[in-house]
Amino acid sequence: MKTWWKEAVVYQVYWRSFYDTDGDGFGDLEGVIAKLDYLKELGVDVIWLNPCYESPDVDNGYDISDYYSIMEKAGDMETWERLLEEVHNRGMKLIMDLVVNHTSDQHPWFLESKSSKDHPKRDWYIWKDPRDGKEPNNWRSYFAPSAWEYDEQTNQYYMHSFAVEQPDLNWENKEVRHAIYDMMRYWLDKGIDGFRMDVINLLAKVDGFPDAKKPADLQYLGNNPGIHEYLQEMNREVLCHYDVMTVGEIPFVTPEDGALYVGEDRHELHTLFHFEVADDMPSWNMKQFKDIQTRWYEGLKGKGTNSQFLNNHDHTRQVTRYGNDGTYREESAKLLATMIHTLPGIPYIYQGEEIGMTGVRFDSIDDYHDIAMKNKYKEEVEKGRNPKEVFKDLLPLTRDNSRTPVQWNATEHGGFTTGKPWMKVNPNYTTINVEENLKEPHSVLHYYQQLIRLRKEHPVMVYGEYNDLSIDDDAVYAYTRKNQDTCWLIVLNHADHESRFHCPEELLTEEPHLLLANYQDVTEKERMEDLVLRPYEARIYQL
Ligand code: NOJ
């Protein structure tokens, strides 16, 4: 069935690094409002705003202490309401981050729960007795060596899948679930257009909390029995009453399980982020990537909708990780964009990606802020490892690679702030910035604009069947998208050298029409039987 959210292009705003209007060094909601015309020009339909609720901010807003108010750094409720209005005035939509696997340890619910064993809210979180005087089991958490933290006052441990400061809510408790549903209605009634749901498949925990065979792999934290009942209840109670979009962040999921979360007959979520690329493919691997695309396409075909992304605020910038951020930065940024926007699924753009922003290499651990990186650094150094080596090992994938401020122009701090930025700006802002991109007709930014426009004009890009031509070449990726009256051929040379592409005979047509290419001098007359593709060349043909 055709729906608006399947056709949407989503742009992710990590507001603290987006644009600062009051000079405190943090981006803010006023800054998002200031740049809405820019986003509209780019062509995006939906803005996903990272958490801006009140929070002690140990995990950049993913530790919420009040679901009903706005963090001071971001602004206030009046500004947020104006943001929503201004987004809607421009015909765009706004989805908010929903973080309900855990709260902050400063949330009044947790403070009450912690206060005594027989407090009525004790059961709102997950408390367990010590086992032989130690942690209740051997589970790790994402950001700490153990998923358990001891509370001396009540002699019990509480569970945290992330940092010690992010205790997990107990979803088995009906009052918890209904408190969350009330909160969701509060935001939906204000008029938001949906939610991006943080680690939503972690809500249900393994029955009995048994030891894990492989504590390091963390898979036991997700996809446990009960999760689909929770999501169906959430849908019944809240979501089905609104015309909104929901995208679940769902690690450790196979396409078969993915269909259970987003199958249209299941009434849970609309679409999901799986992490077979961002988590499981540290650097570009053509074979692996093609395999992932085929399996997910087959797995969700006729059932539900996938999402396409290569980076976000948790993952190193795509041009650095999966492209070439040196000689072929612009070409490879455009190639990756071509791929994401023409593969089946909803495309997401992470702020700054549209100008080909790159990852960073700062000199010292003190230049970094990411709690995942900081805690891991501490953990490894405490084990006796050489700090310099640990630091070096953490650099390629630290989340801060994508969290440096957006580079708006070539003035100090990339025009992000007039104050001292909360996080250093990537020094390449003097050459890579929005202003330059706007001036240059063949910039990465203008290429994104063209790609997005194509999506609006050609339903085949959204609804067309996908067919991988299975070219046996580590560099060339070629596939078609097809509906009743249109067939597109997408050809990508994912390498810093030339490659040849021989178009299969059945696809050869008299006049293939070139719709878009990332090199300017491509002629329509080229012989499709034997194309010579330049480094990171990308082309979209209508056959
Ligand atoms: C996933 C979010 O994207 C990440 O930034 C956060 O640290 C964890 N969930 C915990 O909320």
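The following exercises concern salt bridges in a predicted model.

**Exercise 1.** Determine which residue meets Glu-264 in a salt bridge, and where in the chain the two partners lie.

*Solution.*
Step 1. The side chain of Glu-264 meets that of Lys-6 in a salt bridge, with an N to O distance of 2.9 Å. This pair satisfies the criterion because the distance must be within 4 Å.
Step 2. Glu-264 lies in the loop between helix H8 (255-262) and strand E11 (271-273), whereas Lys-6 belongs to helix H1 (residues 4-7). The two residues are 258 residues apart, and the pair links distant parts of the chain.
Step 3. Lys-6 has a relative accessible area of 8%; it is classed as buried because this value is under 20%. Glu-264, at 39%, is partly exposed.

**Exercise 2.** Classify Arg-266 as buried, partly exposed or exposed, and do likewise for Glu-268.

*Solution.*
Step 1. Arg-266 and Glu-268 form a salt bridge, and their closest N and O atoms are 2.9 Å apart.
Step 2. The relative accessibility of Arg-266 is 25%, so this residue counts as partly exposed.
Step 3. For Glu-268 the value is 3%, so Glu-268 counts as buried.

**Exercise 3.** State which residue forms a salt bridge with Asp-393, and name the residues linked in a network of salt bridges with Asp-59.

*Solution.*
Step 1. The side chain of Asp-393 meets that of Arg-385 at 2.8 Å, N to O. Arg-385 is partly exposed, with a relative accessible area of 30%.
Step 2. Asp-59 is linked with Asp-314, Asp-370, Arg-399 and Arg-403 in a network of salt bridges.
Step 3. For the structure as a whole, the count of salt bridges is 38.

Technical notes
Residues are numbered from 1 along each chain as its sequence is written. This is a predicted model: local features need pLDDT of at least 70, side-chain atom pairs count only at pLDDT 80 or more; totals for chains, interfaces and linings use all residues. Side-chain values use heavy atoms; hydrogens and water are left out. Helices (H or I, at least four residues) and strands (E, at least two) are DSSP runs, numbered from the N terminus. Buried means under 20% relative accessible area, exposed over 50%, partly exposed in between (1.4 Å probe, protein chains only).
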